[in-house]
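I opened this entry to look up how the aromatic rings are arranged and what sits around them. My notes follow in the order in which I looked things up.

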Amino acid sequence: MKVPEGLVDPSAYLEEHYYSNEAVLDNYAADRYKTILIDEAQDSKPEWQRIIRKHFLAEDGEMVLFADEKQNIYERGVDEEKRASIILGFGRWQRLSKSFRYKQDSPVLQLSVAFQQQFLSDKYTFDGDESYQQTAFLPVIGLSAVVTWSADRLLDVAELIVAIAKREGIHPNDITIVSSKEDVLREIDFAIRKWPRHQERTITSFASKEDIERVYGKRLGRAEEKKELRKLSASRKQGFNLNSGVTKLSTPHSFKGFESPTVFMIASDLDGPELVYTGLTRAKENIVVLLPSGNRYFDLFARHLESVSSLMQHSTADLAE
């Protein structure tokens, strides 16, 4: 696809002429499939669903959508029942009442139910009465905590994460750090990899601090810089590997559909409840929530999670020895 030069909003052009253009594949003979499964359907537009059904579904085939409207981080439309909108021909949503991710006493499960009840139940369907099944995942360490953070102390955040991981004996492969702010993640990633006491390996879904500095060092024009950074970010996302053996850092947007035994979720004051809910439900077993002081979500997390203030002091002291 080729985008005309000089457009004020290239993304709008691509959306109109390609992504949501239901006639875009009319002259293309695509393979057709008996079964099509679409996950994270709350993120897709009806036009995209129609394109897939029209061009890729066999005449007697079945197409099934899976969605959790409470992870509606792109603010797609919902129907009168407060569920993700679906196109005509799919019937009604059927609720999946069993979860095989969490144990019944999981702190992550209890927290996610409490969070959606307080911040999401007015806007979306509340799932508080679901029946949960025992999982076959690793034993729960029981790590569930909340602490405040600030943008001028990101080195302390990196220190805390490494300290807790070492104190609890959590393997780096089982750790994911999630934040909606790539610049925050970038600084934490750099500190974890380069700080003399750490020098831990990581993998990210975004361009590293060194990548950014290298691009800016080329003294390219603004448009070329953006193009280079998009390529770098796309390459990082494509190479992102859950079983890489190292600590992972990602935005909730890039980590949707994935999960991790232990998640450090770094929330900001601008994060909407859908984004926070998506971040915390990426954790299978252990969750540590970092919030700015005075954040609107803090009271709820403080009621359900332990404080790590003393743990932070002890752990950083241990690392200094």
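I began with charges over rings, keeping in mind that this is a predicted model, and found that Lys-209 lies over the face of Phe-190, at 4.6 Å from the ring centre.

Next I asked how many aromatic pairs a search of the whole structure finds, and the count came to seven. I followed up one of them, Phe-115 with Tyr-297, which is tilted, with 5.5 Å centre to centre and 45 degrees between the planes. Looking up where these two residues sit, I placed Phe-115 in helix α3 (residues 107–119) and Tyr-297 in the loop between β10 (283–291) and α10 (298–304), so that the pair links distant parts of the chain, 182 residues apart. I also checked burial, and both Phe-115 and Tyr-297 are buried.

I then turned to Phe-119, which forms an aromatic pair with Tyr-297 that is edge-to-face, at 4.9 Å centre to centre and 75 degrees between the planes. Because Phe-119 lies in helix α3 and Tyr-297 in the loop between β10 and α10, this pair ties together parts that are 178 residues apart in sequence.

Are Phe-119 and Tyr-297 buried or exposed? I noted that Phe-119 has 21% relative accessibility and therefore counts as partly exposed, since buried means under 20%. Tyr-297, with a relative accessible area of 1%, is buried.

Last, I asked which residues form one aromatic cluster with Tyr-297, and I recorded Phe-115, Phe-119 and Phe-301 as its partners there.

Terms used:
Residues are numbered from 1 along each chain as its sequence is written. This is a predicted model: local features need pLDDT of at least 70, side-chain atom pairs count only at pLDDT 80 or more; totals for chains, interfaces and linings use all residues. Side-chain values use heavy atoms; hydrogens and water are left out. Rings of Phe, Tyr and Trp (its six-membered ring) pair if their centres lie within 6.5 Å; planes under 30 degrees apart count as stacked, over 60 as edge-to-face and the rest as tilted. Helices (H or I, at least four residues) and strands (E, at least two) are DSSP runs, numbered from the N terminus. Buried means under 20% relative accessible area, exposed over 50%, partly exposed in between (1.4 Å probe, protein chains only). A charge sits over a ring if NZ of Lys or CZ of Arg is within 6 Å of the ring centre and within 35 degrees of the ring normal.
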